[in-house]
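Biologist: Hey, can you walk me through this one? I'm new here.

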Amino acid sequence: MERNVTAIMRLVEQNAERLLDEAVAIATIPAPSFNESKRAAHIARRFSEVGLTDVAIDNIGNVTGRRPGSGPRVMVVSHMDTVFPLDTPLQPRIEGDRIYCPGIRDNSTAVANLISLARLLRETELTLPCEVILASSVCEEGLGDLRGIRKLMDTWGDKVDAVVAYDGDLGTVVYGGAGSKRYKITYRAAGGHSFSAFGNPSAVHGLATACARFCQLPVPSDPKTTLNVGKFNGGVSVNVIAEEAVAVIDMRSVSQAELEKIAAAALAIFQDTAKEFGCRQEIEKVGDRPGGGIDAQHPLIRTACDVLAAMRITPDVTYSSTDANIPFSLGIPAIAIGSSLGKGVHSVGESLHIPSIVLGLQQLIQFLARLDSTVIPSRSRT
């Protein structure tokens, strides 16, 4: 096994240009959350072309393929969706050792490396100590609310022994999921002319005050808990008392108890402030990511750290919000590991450090090559 792994490491280096081509092919297909069908079709076709079996696109757009094997059954999942609207220009350009393109690091390169993984395993006939289900999920970003991985776990949760979310910066090892709650808050009021109807309730005045009070809520630094007003809009003109205002808020915590506490306090603020300002309020939950995690000394975590250390990369063992949140919350052993390095993630200036594609795939292969039954005991499954 060790000799074969060494050989495939060299082959990954020799395939650096093909790895980048695979990533660019994915990154240049628009795939905002809820609009991933074209990218899903491309991924499914490539999964079949590189030799995966039982390739399928489920009824919400997730793509899965299987590499048969013995030992534990491991799902490796990389989300395919991006934060960019359909009309965002996706024109890659290379400057030095960086390639610029929206979504190239998050998460096109990770998805591409799944395809390259399957291709190189077939070419080298390397036998892993585990059966691998490769998956590319939809709706991981933003208001997608992990819809894709929820569906994958509905289908596969009792059939896999562990889940690896392949996403994020190379060197990151995620052992716990930061939970989040998101709400769309709408205030409505009488409104009117800013001069002749002065004194009438204003939806903007009311909701802006509520947002300011929300932002002043005390949150602990440990366990890390955060809050944010991500969007705010309302009113129709400078001389009109606003009849409607809308805000979208986000709260996160590595502690589910703290998350519930801050969410309850936030909802009370928006309800009470609406009454104070004579507004009608409507609160819609638009996101609810559960938290959870495994012990930082779990064999999955230790194995990932050992692989990185052997590559002379310092592991960053941390909490985050990834597709791993859902298996964490279900008690399924899970981890998230990074795929590459980049800058400007979630911005149109997003870039990828090209050499990190090779390192990210080498890390994944070495990690999977160690996932035998001593690291992942088989769970009861069908």
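Modeller: Sure, one term to begin with: a salt bridge is a side-chain nitrogen of Lys or Arg within 4 Å of a carboxyl oxygen of Asp or Glu. This is a predicted model, where local features need pLDDT of at least 70 and side-chain atom pairs count only at pLDDT 80 or more, while totals for chains, interfaces and linings use all residues. Residues are numbered from 1 along each chain as its sequence is written, and side-chain values use heavy atoms, leaving out hydrogens and water.

Biologist: OK, which residue forms a salt bridge with D158?

Modeller: K159 does, with the closest N and O atoms 3.4 Å apart.

Biologist: And is D158 buried, partly exposed or exposed?

Modeller: D158 is partly exposed at 37% relative accessibility, and K159 is partly exposed too, at 26%. Buried means under 20% relative accessible area, exposed over 50%, and partly exposed in between (1.4 Å probe, protein chains only).

Biologist: How many salt bridges does the structure hold?

Modeller: There are 20. One of them joins R46 and E49, at 2.6 Å between the closest N and O atoms. R46 is buried at 15%, whereas E49 is partly exposed at 41%.

Biologist: Which residues are networked with R46 and E49?

Modeller: E22 and R45 are linked with them in a network of salt bridges.

Biologist: Switching topic: what's the strand order in the open sheet of four strands?

Modeller: β4-β5-β19-β18, paired antiparallel. Strands are DSSP runs of E with at least two residues, numbered from the N terminus, and two strands pair if DSSP finds at least two bridges between them.

Biologist: Which are the edge strands?

Modeller: β4 (93–95) and β18 (342–343), each pairing on one side only.
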